[in-house]
Amino acid sequence: MIEIIENSIKIKLLETFKNFEVESFPADFEKFSFFSHNGCFLVRYEGSKMADQHTAIAVKEEETYNFTVFMALRYINRHEEAYTKIKDLKKALNGLPILNKKLRITSINYEDVIDGDFWYSVSLTITFPLIDNYPDLSNCSEIIGKVQFIKEAI
């Protein structure tokens, strides 16, 4: 699922920002450099959290995935020059459909100026159901299965 979400984000960024580099966040950011004259986007998976379990016989919960997109802008001198790109980024990612769920922006932040490039970050979340892959072997499951069979027969 992580790969599907990240690839969906990267594809949308490539479509929206045609002259920007789009990559996964590098292992060694200190040595990272990009070559586009406009800027780049780096996509990073931050982790996920599972919702509380609400069933007794099977694992059925929701998993919320968290990502950060870092945007670097070249050749700008003031923050106000970034506002249009920030607006375009919000428009591209907020509500982006991925497997019938929607990506949601939770925050946008200024990060730093590194080698003259202005860096911003956008935090994103998306929630999907998480269902276990193992059959329930408990007596309770067996009884529920028999009751469902009887209901279907009636």
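Threonine 68 is buried, with a relative accessible area of 8%, where buried means under 20% relative accessible area, found with a 1.4 Å probe on protein chains only. The model is a predicted one, in which local features need pLDDT of at least 70 and side-chain atom pairs count only at pLDDT 80 or more, while totals for chains, interfaces and linings use all residues. Residues are numbered from 1 along each chain as its sequence is written, and side-chain values use heavy atoms, with hydrogens and water left out.

Threonine 68 belongs to strand S3, a strand being a DSSP run (E, at least two residues) and a helix likewise (H or I, at least four), numbered from the N terminus. Contact means heavy atoms within 4.5 Å, and the table lists the contacts of two residues, not counting residues up to four places away in sequence.

| Residue | Residues touched |
|---|---|
| Threonine 68 | Leu42, Val43, Arg44, Glu46, Ser121, Val122 and Ser123 |
| Leucine 93 | Ile9, Lys12, Leu13, Val69, Leu103 and Leu124 |

Leu93 is also one of the residues that touch the most other members of the largest nonpolar core, which has 28 residues, and the others are Ile9, Leu13, Phe41 and Leu124. Such a core is a set of buried Ala, Val, Leu, Ile, Met, Phe, Trp, Tyr and Cys residues joined through side-chain atoms within 4.5 Å. At least two residues of this core come from each of helix H1 (2–16), strand S2 (39–50), strand S3 (60–73), helix H2 (83–93) and strand S7 (117–131), and S7 gives the most, with six residues. Another core, of seven residues, lies apart from it and includes Phe32, Phe34, Leu42 and Ala72.

Key
Buried < 20%, exposed > 50% of the residue type's maximum accessible area, 1.4 Å probe, protein only.
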